[in-house]
Amino acid sequence: MTDFINALTPENLGYLLQGLGITVAVSVLSIIISFLLGSIVGIVMFEKIPYFSSLVGTLNNIVRNLPLLLIIFFTYFALPQIGIRLPVFWSTVVAMSFFEAAMLSEIIRGGLDSVDKGQFEGARSTGLSNRQTLVHIVLPQAYKKMIPPLISQLISLVKDTSLASGIVLADLTFRGQVVYAQNSHYIVPVLVFMTFCYFVVNYLLSLLAKHLDRRLA
Amino acid sequence: MSMIEFKDVEKYYGDFHALKDINLKIDAGETVVLIGPSGSGKSTLIRTVNGLEEIQEGQLLVDGFDLHDPKTDMNKIRKNVGMVFQHFNLYNNKTVLENIMLAPRLVLKRDEEENKKLAMALLERVGLADKANNMPSALSGGQKQRVAIARSLAMKPKCLLFDEPTSALDPEMIGDVLKVMREIAEDSDMTMLVVTHEMGFAKAVADRVIFMADGQILEDSSTEQFFKEPSNDRAKKFLSQVANH
């Protein structure tokens, strides 16, 4: 118990919570970007545009089969070699968005595929354009079906931001390591605190999922 | 003037020859019933009329547009050619009222107040005004199909296609749907092409009956003549089989 009191001083707590702020910032930005990008890629794969869709599908498959850490290393260490130099925060956001877009696009394509073909035919036969059919009829139904896998994937995303501590992003995980490096007695208290933080963020995400599920019903 | 005209139309699914040398003319305002055994190509034929199925050869003119011409804007045709499906295909994410109002709002840019008034009038006409704010999942099959008919009518189409509209319904629901269809045929100058197994409906409402088998049109006669004495032997046999149970 004294370890907890010694480890989680107001100063250390503030330091860790700032790390949590960075974790949340990276997560939120990556969620927004990857969701938009993943939706576009998912729609492209779903629409089966000759050649283009299969090309995008193949690239997508390659990205999905790479370890996320490799992509993070790539954006931070390899991109500067071709003149693209990003600060560590944005390196992480770019890497996470890129990787998660590939993961989400498969969920979105699958969701679109699961909408009954009759819904398209009904819409097209009343004169709606392909885009109107997608926006008003198919996507809303697809997103509703996608909520559970989508939220699981986004929870993974939040947890995976901890990988960026590997490129010294000062996120919650990295700062935790800094704190318990001072004193090995701090390891358990800090890990418990980190557990709590990650749990709260992800639990909020699953609450959001329940809320959306009810609203889109 | 003809509303629908098939000229030497051929349709293939891969190697399967689904429509063979179809020549058919349907005038504006006519009500035509298409019958035949399952797998005969009736549904395929009716689905080519609003471009849900493509044809590979020949010419198909609908409301003056050539459907086989890649430059033809399908949405322009679909605006004027409604379709009612076997499985209703109501939008699952919209209320009954929204199902009816959506296409007129997006495609015709109809004024919102007028749109609602017309949609409610149509729901009244099919006897479902009290279901306006329900989701489709809360309706029975027969109710869904009547909403689907109202949805098609809301576009004020020149032509309505019915693809086995009563085949997925419980027997006691069929009457209500057929009644609505009969009223449309009698009260309006809409062209109607109906694929159905309801011989009573065909007898009572159709101007003409077309019999198909194996992707071909085998008989095209006036309703009266068809039910009295079809000239084609397979049509004769089909009719006696349908009548005998």
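Let's start at the heart of this predicted model: in its largest nonpolar core, which has 113 residues, Leu34(B), Ala150(B), Leu161(B) and Leu193(B) touch the most other members. Such a core is a set of buried Ala, Val, Leu, Ile, Met, Phe, Trp, Tyr and Cys residues joined through C-beta atoms within 7 Å, where buried means that 20 or more other C-beta atoms lie within 10 Å of a residue's own, with C-beta atoms placed from the backbone. Residues are numbered from 1 along each chain as its sequence is written, and chains are lettered from A in the order in which they are written. Local features need pLDDT of at least 70 and side-chain atom pairs count only at pLDDT 80 or more, while totals for chains, interfaces and linings use all residues.

**Cores**
- Helix α5 (residues 88–114) of chain A contributes the most to this core, 13 residues; helices here are DSSP runs of H or I with at least four residues, and strands are E runs of at least two, numbered from the N terminus.
- Apart from it lies another core of eight residues, including Leu172(A) and Phe193(A).

**Where the chains meet**
- In chain A, 16 residues are in contact (C-beta atoms, placed from the backbone, within 7 Å) with 20 residues of chain B.
- Helix α6(A) supplies the largest share of chain A's side, seven residues.

**Chain B overall**
- Chain B has nine helices and 10 strands.
- Of its 245 residues, 48% count as buried.
- Its C-alpha trace spans about 50 × 45 × 35 Å along the principal axes.

Definitions and conventions:
Buried ≥ 20, exposed ≤ 12 C-beta atoms within 10 Å, placed from the backbone. Contact = placed C-beta atoms within 7 Å.
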